[in-house]
Amino acid sequence: MQPLNLSRRQMLKSSACGFGYLAMAGLSSEAALKSQSPLQSKTPHFEPRAKRVIFLFMHGGPSQVDTFDYKPRLAKEDGQRLPFKAAKNIEKSSQENLRLMKSPWKFKQRGESGLWISELFDNVAEHADDLCVINSMHTNGQSHGQAVMKLHTGSDSLVRPSVGSWMVYGLGTENNNLPGFISICPSRGHGGVRNFGSAFLPAVYQGTAIGDADTAAREAQIRFLANNASSETQQRKQLGLLQAMNERHLKQVKVDQEIEGVINSYELAFRMQSEVPTLMDLTVETKETHELYGINDKTTENFGRQCLMARRFAEAGVRYIEVALGNNRWDQHSGLKSGHERNSRMVDKPIAGLLADLKQRGLLEDTLVVWGGEFGRTPIAQGTNGRDHNPQGYSMWLAGAGVKRGHVHGATDEYGYYATRDKVHIHDLHATLLHLMGMDHKRLTYRYAGRDFRLTDIYGEVVHEILAG
């Protein structure tokens, strides 16, 4: 008997109300599954330096002059009036005052590289020789909503795909049973789901949220992933019927990206049920690992769990992972000292633990870690003990795959207000991240509404000066 030449979808549609559609997903080889999936691993434009990104988002805007941008002149002239014009974005109360405020924390030169890092990040400072600090970041967003969206999508006002979505669109995933993009405990405000959304890119490229900033990391889950009401066999039948109906509709309309996205999402969700719970089970990690991330300490437990989950997902092949200290925690218009100290106690040890863990596992060689907020804070006081928003000049750092280690790029003025040397716009950062992942930001485009869109719009230059030789 001659074999029938049926496509995968034809065969599955004709098999017992679609039951075979999901059964085949489990029985087919990994290569066959990937060849049919928009998430299949894709060839980059050129040899990548990094395989994945972990972004540690500090929502609210940590102060650069209190963390990674040491300004001795600010301390020397504490209480004096700012000797040049302030930016227009600061509140009226600050405009009338313009009083310089020194950092409440001491700075030290750390490691063999001699990077200046404040005591707020004593644990991270132990990895100074792995850090590439950019002290000349600047952005357009004056408010949190604008700046957070700009950081995550490249636009401060329009609905655009997020950085992680662009990366998965360009590269696919390394693990067919997991999303390519995961956001752990994301903030609900200042863009909310748009910060990990795919906008006009197919829905299969959007980020998968694990919990949110209002949920403790130990309780965070992927919504609707588990189905305790039905057995696996029943779920297969239910999903098979849905897939058959979707396929029939797709055949009628010929092209429907939303239906294609639903079909692929259902397939992925079913496969995720077996792998995700295992990856999120941190009890399998050793006591030493828990201590490394600060999970046994009430102060550091929550962020420590997020960072450990990020390492486990990175190790399993997720392309882009965001970990957030959300809910605008770094926004200290007042109470700077108590607020920043509280925040640093929560994240300093877990971040240092993540860097150490990645390094000892050999993952830091092909994993890029990025730290920062949507903007920085002014060197002038707001009230008696606060700082206003400062998108004119602030700090971010990178570590790991493809970047110089123990290196500082760019500078702000002597007070830490405006980026003045080797300035890096957020578009430049995005272009550089894509470059490190093997993608040309000018070639990574998507046709929508009659034009080609890209993450960096018509802007952005790769910051070659921070790339390792």
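Helices here are DSSP runs of H or I with at least four residues, numbered from the N terminus. Keep that in your pocket while you work through these exercises on a predicted model.

**Exercise 1. Which helix holds Thr-289, and is this residue buried or exposed?**

*Step 1.* Find the helix: Thr-289 sits in α11, which covers residues 287-293.

*Step 2.* Recall the cut-off: a residue is buried under 20% relative accessible area and exposed over 50%.

*Step 3.* Compare: Thr-289 has a relative accessible area of 9%, so it is buried.

*Step 4.* Look for its company. Skip the neighbours within four places in sequence, and Thr-289 is in contact with Leu-308, Arg-311 and Asp-357.

**Exercise 2. Which strands does β4 join by bridges, and which way do they run?**

*Step 1.* Locate the strand: β4 spans residues 131-138, and eight of its eight residues are buried.

*Step 2.* Start with β11 (residues 394-400). Five bridges tie it to β4, and the two run antiparallel. As a landmark, look for Ile-134 opposite Met-396 in β11.

*Step 3.* Move on to β12 (residues 407-409). Here there are three bridges to β4, and the strands run parallel. Val-133 has Val-408 of β12 as its bridge partner.

*Step 4.* Finish with β15 (residues 424-425), joined to β4 by two bridges and also parallel. In this pairing, Met-137 is matched with Val-424.

**Exercise 3. How many disulfides are there, and are Cys-132 and Cys-307 buried or exposed?**

*Step 1.* Remember what you're hunting for: a disulfide is a covalent bond between the sulfur atoms of two cysteines.

*Step 2.* Search the whole structure, and you come back with zero disulfides.

*Step 3.* Check Cys-132: its relative accessibility is 0%, so it counts as buried.

*Step 4.* Do the check again for Cys-307: with 0% relative accessibility, it counts as buried too.

**Exercise 4. What does the chain look like in numbers?**

*Step 1.* Count the elements: the chain has 14 helices and 17 strands.

*Step 2.* Ask how much is covered. Of the 469 residues in the chain, 58% are buried.

*Step 3.* Turn to the contacts with a separation of 6 or more: 77% of them link residues 24 or more positions apart.

*Step 4.* End on the outside. The chain exposes about 20,000 Å², with carbon and sulfur atoms supplying 49% of that area.

Note on methods: Residues are numbered from 1 along each chain as its sequence is written. This is a predicted model: local features need pLDDT of at least 70, side-chain atom pairs count only at pLDDT 80 or more; totals for chains, interfaces and linings use all residues. Side-chain values use heavy atoms; hydrogens and water are left out. Buried means under 20% relative accessible area, exposed over 50%, partly exposed in between (1.4 Å probe, protein chains only). Two strands pair if DSSP finds at least two bridges between them. Contact means heavy atoms within 4.5 Å. A disulfide is a pair of cysteine sulfur atoms within 2.5 Å. Accessible areas come from the Shrake-Rupley method with a 1.4 Å probe; for residues, only the protein chains shown count as cover.
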